[in-house]
Amino acid sequence: MEFNLADVIRAVADAVPDRDGIVHGDRRASYRHFRTRVDQVANLLHAHGLGCHHDRAGLANHESGQDHLALYLHNSIEFLEVNVGAYAARVAPFNVNYRYVDDELVPLLADQRARAVAYHETYAPVIDRIRHRLPDLDLLLQVADGSGHGLVEGALWYHEAVADQPTVPPPVETSPDDLYVLCTGGTTGTPKGVLWRQADIYAAALGGTSVRTRREFTSLDEIAEEAVARGGRRNMPTAPFMHGAAQWTALTTLAQGSTLVVPTNVVSLDPVDVWSTVEREGVTLLQIVGDAFARPLLDELDRARHDVSSLRVLTNGGAILSRDSKARFLAHRPGLLIADGLGSSEAGPIASNVAEGDAAATTVFDLGPNGHILAPDLDGEIGAPDPTVGWLASSGRIPLGYLDDPERTARTFPVADGTRYAVAGDRARFRPDGLVELLGRDSVTINSGGEKIFAEEVEQALLGHPAVHDAVVCGRPSTRWGSEVVAVVALRPGAAATVEELREAAGAHLARYKLPKDIVFRDRIERSPAGKADYAWARAQAGDEHPTS
């Protein structure tokens, strides 16, 4: 049996109606209340003619037969009401990076075929400026946030419009084939809309496997039974829902009947707010994205006393979490289970590194049951312990493709020996023990003097130095090497280190040809709200070729 996400969350809500579904500051939404709001949102969208116009059968993998809705929202209860309510109306919601400027937003909304947009009031001026450039945008839902902007002409105040709708499901028959759309971050190119069947993303990444039987759920009753047994779990993502890692944590939490806790500050990472919320709400699982999130949070734990005794699990995905950061978390919370996940928007979860009370290696993973390493030419799998460097990939429940892009769909989802794969874009190889060593993103690999150098491994070597707070590594054109390794480094407040000291420290972990030819110091490293490095920014900081290279 396969499932639609709206049906799953409705079944969970009926099983645990009085349990806290979402907690955000002093606001609390029980599962009963959340289900009511989901149905009201669905009725609102349906009343405006939004829904599914062509079922999946007969469509190519890169095509959509549904209307699409943009989620231009901060982390909030409303984000999830609209998200799941859209599923209930057979509308396909997609995430929007709220840091984009007008000329980035317009092509994103046009390319993703947005017919509706839900946005926080603070972005009303942006919507007002760009709406004339988006003639297909029919429905504007403005969510009040106290920022003082008036209602955009033709828009509806979200809460008033939803409150007027029926509290029963709309006359719509949902389908497991309905789309889940996740836009990539665009850090290595134009953002792309990844199309998943809801049945596939639920099973692959959103808790669609029974903890009791270790297989996919076979009925809504079985899902509801496990939700009832899952009382007391309180999960808090720290990254924005507009990125996959946090969104998957949020939807998994709701699909499993746990309580989703949202930090009060939703505009930026606020370590004091995060730890205060953990303490106040008894958070049991905390989601972060790499060292960009870990280090500020750990610095606050070092600075002030916070009760983190409720915390049992730390999950990381989307960026590397260094061994040093893992050890520091364990010093504050002995016995903490640290779950490092490896995957992508296009491939879903591929591999994991789970250790309890241990600062395990940070780039070594166990492949999941549908994880693979494909040969360099993508014509088949590499088997352990063959050390050939290949491509990380997944099979089984994987996305359909990219919206309206058949060429990229064919490249990213190749077929080899009759099996369709999703290629994540990461390079990896098997170790002699059968575990997988992650080398890094091919898109940020540096070819220097005929050698291939992965930016992430150099970054990790630099982050091991006690004076380094953050680091990003990129290539810079060189007449001698073709491309040379340059590191952009931010030191800890009050710390000092020379270029030679950092090179010497990194040399304990890297071959000499991988060491940075130059190190540029900056006060801070520019990253996305989800903690991912901005490599275009790093290349700009690295500048032109150094005279002594």
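How many of the 11 residues of helix H1 (residues 5–15) are buried? In this predicted model, the count comes to 8 of the 11, so H1 is largely enclosed by the rest of the structure. The buried set runs through Leu5, Ala6, Val8, Ile9, Arg10, Ala11, Val12 and Ala13. As for what does the covering, the list includes the helices H2, H3 and H7, the strand E8, and two further helices, H8 (220–229) and H9 (244–256). Several of these elements turn up again below.

Take H2 and H3 to begin with. The axes of H2 (residues 31–47) and H3 (residues 77–88) come within 7 Å and cross at roughly 60°. That angle makes H2 oblique to H3, and the crossing is right-handed. On the H2 side, the contact is made by His33, Phe34, Arg37, Val38, Val41, Ala42 and Leu45; these meet Leu80, Glu81, Val82, Val84, Gly85, Ala86 and Ala88 of H3. Sorted by class, the residues of this contact come out as 10 nonpolar, 2 polar and 2 charged. The numbering on the H2 side fits a general point about helices: an α-helix has 3.6 residues a turn, so residues three or four places apart point the same way.

E8, another of the elements covering H1, belongs to a small piece of sheet. This is an open sheet of 3 strands, ordered E8-E9-E20, and its pairing is antiparallel. Strand E8 (179–183) and strand E20 (401–402) stand at the edges with a single partner strand each, so one side of each is left without a neighbour in the sheet. E8 and E9 are joined by 5 bridges in the antiparallel sense, and Tyr180 sits opposite Trp196 of E9. On the other side, E9 (residues 193–197) is linked to E20 by 2 bridges, again antiparallel. Here Leu195 stands opposite Gly401 in E20. Helix H7 (residues 198–205) packs on this sheet, where it touches E8 and E9, and its direction makes about 90° with that of E9.

How many of the residues of E9 are buried? The answer is 5 of 5, so to speak a strand that is mostly covered. Gly193, Leu195 and Arg197 point one way from E9, Val194 and Trp196 point the other way, and all are buried. In a regular strand the side chains alternate between the two faces of the sheet.

Further along the chain comes a second helix pair, H10 (residues 271–281) and H11 (residues 290–303), whose axes come within 9 Å and cross at roughly 70°. H10 and H11 are therefore roughly perpendicular to each other. Pro271, Val272, Val274 and Trp275 are the H10 residues involved, and they meet Pro296, Leu297, Glu300, Leu301 and Arg303 in H11. By class, the contact of H10 with H11 holds 7 nonpolar residues, no polar ones and 2 charged ones.

Another open sheet of 3 strands has the order E26-E27-E28, this time with mixed pairing. Its edge strands are E26 (468–478) and E28 (518–521), each of which pairs on one side only. Direction ignored, neighbouring strands of this sheet are turned by 25° against each other on average. E27 (residues 482–491) and E28 run parallel and are joined by 4 bridges; across this pairing, Val488 stands opposite Val520 in E28. Helix H14 (residues 455–463) lies across E26 and E27, running at about 140° to E26.

One last residue deserves a look, namely Ile446, which lies in strand E24 (residues 445–448). Is Ile446 buried or exposed? With a relative accessible area of 2%, Ile446 is buried. Leaving aside residues up to four places away in sequence, Ile446 touches Glu451, Lys452, Ile453, Val473, Cys474, Gly475, Ser483, Glu484 and Val485. One of these partners is Ser483: Ile446 and Ser483 are 37 residues apart along the chain, yet their C-alpha atoms are separated by 6.7 Å.

Conventions. Residues are numbered from 1 along each chain as its sequence is written. This is a predicted model: local features need pLDDT of at least 70, side-chain atom pairs count only at pLDDT 80 or more; totals for chains, interfaces and linings use all residues. Side-chain values use heavy atoms; hydrogens and water are left out. Axes are lines fitted to C-alpha atoms, for helices over the stretch in contact, and angles run from 0 to 180 degrees between N-to-C directions. Angles under 35 degrees count as roughly parallel, over 145 as roughly antiparallel, 65 to 115 as roughly perpendicular and the rest as oblique. Contact means heavy atoms within 4.5 Å. Ala, Val, Leu, Ile, Met, Phe, Trp, Tyr, Cys and Pro count as nonpolar, Asp, Glu, Lys and Arg as charged, and the others, Gly among them, as polar. Two strands pair if DSSP finds at least two bridges between them. A crossing is left-handed if the near helix is turned anticlockwise from the far one by less than a right angle, and right-handed if clockwise. Buried means under 20% relative accessible area, exposed over 50%, partly exposed in between (1.4 Å probe, protein chains only).
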